[in-house]
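Here is a short tour of one protein and its ligand. Load the model, then follow the text from the pocket outwards.

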Amino acid sequence: MAKKNQTLGEFIIENQNDFPYSSGELSRLLNAIRLAAKVVNHEVNKAGLVDITGAAGDTNIQGEDQQKLDVYANDTFIQTITDRNIVCGIASEEEDDFIAINSQDANHQNKYVVLIDPLDGSSNIDVNVSVGTIFSIFRRVTPVGTPVQPKDFLQRGAQQVAAGYIVYGTSTMLVYTTGKGVNGFTLNPALGSWYLSHPNIQFPEDGQIYSVNEGNYLDFPEGIKKYIKYCQAVEDNRPYTSRYIGSLVSDFHRNMIKGGIYLYPKSSTNPTGKLRLLYECNPIAFIAEQANGLASDGYRRILEIEPTALHQRVPFVCGSKNMVAKAEEFMNAFQE
Ligand code: P6P
């Protein structure tokens, strides 16, 4: 049972036995993630003071300008996890392909892979708006001791062992699930410790907030347009409030605490949606469902989608269960 103000380290140890045959590898992986998060948090919080904001002069596989903090966060998480010989493979939004770790070492017995979006919402970095890191952990499906393969990463989200995010906001929080509910830990930067501040987070079944980039309205599917007009209608407990800061982790975190829905639909600019299935939608969907929320592409449960490519994108509708159900009602009524 979670105790208020318990540290993340105590919490991980206390819950380690949730995993049958746990060799402590998952605990060591979560410990590596929380260490890397502290290092990245330090840089994010002083970005304006040193020459680390701004573009790194390169672009990633997404064709997006890589911000210096993107590169720093990517390198920090990959190095911290690799140095501890905890996983057999890592995939990242910032890496064209997955990274096989110790694949030549026949004694390599590590059984987990991790997928990360090292710094989501990076377009907000230079304007001092909160950003986040998202991670997803699977057990490998190919034989332990052999080189990791694409199928180890291309698993349905329902197979995730753990998932979480760090939101570098007014305070820095690490929120994660291992399939036994969702717990949030707030960093005390003076002590460098994470304290359980939000035990057993639950999405309110209804909410008053909808989060979508309405600049794309004319380009949305008819069902989404109808749902947005529903949110704006003056009847019952509406109009809802529109809140969208262009950082998935921050919009999602606020909606999970207060109740709300986040939508990133397909459009002509993003014909399969913008968000990436493996390291954005799957981990956020796992957390949402563990917190009594829902996550779909408008029609299918995100966690049931069979991935076909490392960086594939999907439309994303996620949040309070009654709000997602209503959005899906409109999507199904106005299928295109
Ligand atoms: P747009 C950030 O790039 C991101 O992946 C999410 O964090 C965010 O919600 C979305 O894209 C913002 O996209 O097209 O509205 O600027």
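The lining of the largest pocket divides into 6 nonpolar, 7 polar and 8 charged residues. Keep in mind that this is a predicted model. The lining has 21 residues in total. Nearest the pocket centre lie E64, G121, S123, G246 and K274. Three elements give two or more residues each to this lining: β2 (65-67), β5 (112-120) and β13 (261-264). Which of them gives the largest share? The answer is β5, with 3 residues. The space in the largest pocket comes to about 380 Å³.

What sits in the largest pocket? The ligand does. A residue belongs to the ligand's surroundings if one of its heavy atoms lies within 4 Å. By that cut-off, 13 residues surround the ligand. The closest are D120, Y244, L248, Y262 and Y264. Sorted by class, the shell around the ligand holds 5 nonpolar, 4 polar and 4 charged residues. Note that tyrosine counts as nonpolar in this scheme, so the class alone does not show what its side-chain oxygen does.

Now look at single atom pairs. Three side chains place an N or O atom beside a ligand oxygen, and they can be taken in turn. For Y264, the distance from a side-chain N or O atom to an oxygen atom of the ligand is 2.6 Å. For Y262, a polar side-chain atom lies 2.7 Å from a ligand oxygen. For K274, the corresponding distance is 2.9 Å. How much of the ligand does the protein bury? Taken alone, the ligand exposes 400 Å², and the protein buries 83% of that. K274 appears twice in this picture: it is among the residues nearest the centre of the largest pocket, and its side chain has a polar atom 2.9 Å from the ligand.

Leave the pocket and turn to enclosed space. The count of cavities of 30 Å³ or more comes to 1. This cavity has a volume of about 40 Å³. Which residues line it? They are L8, I12, L30, I33, F135, L174 and Y176. The elements giving two or more residues to that lining are α1 (8-14), α2 (25-45) and β8 (172-177). By class, the cavity lining has 7 nonpolar residues, with no polar and no charged ones. The lining of the largest pocket, in contrast, includes 8 charged residues.

Two backbone details finish the tour. Most residues other than glycine have a negative phi, and most peptide bonds are trans. Where does the chain depart from the trans form? A cis peptide bond joins R238 and P239, with omega at about 15°. P239 is placed in the loop between α5 (222-232) and β12 (241-242). The other detail is N85. Its phi is positive, near 50°, though N85 is not a glycine. N85 also belongs to a loop, the one between α3 (68-83) and β3 (89-92).

Conventions
Residues numbered from 1 in each chain as written. Predicted model: local features only at pLDDT ≥ 70, side-chain atom pairs only at ≥ 80, totals over all residues. Heavy atoms only, no water. Polar contact = N/O pair within 3.5 Å; in protein donor to acceptor, adjacent residues only side chain to side chain. Areas by Shrake-Rupley, 256 points an atom, 1.4 Å probe, with all protein chains shown as cover. 1 Å grid on protein atoms, 1.4 Å probe; cavity = no way out; pocket = protein on both sides within 12 Å on 5 of 7 lines; lining within 4 Å. Sits in = over half its atoms within 2 Å of the grid points. Points joined across faces, edges and corners; volume = space filled by probe spheres on them. Helix = DSSP H or I, 4+ residues; strand = E, 2+ residues; numbered from the N terminus.
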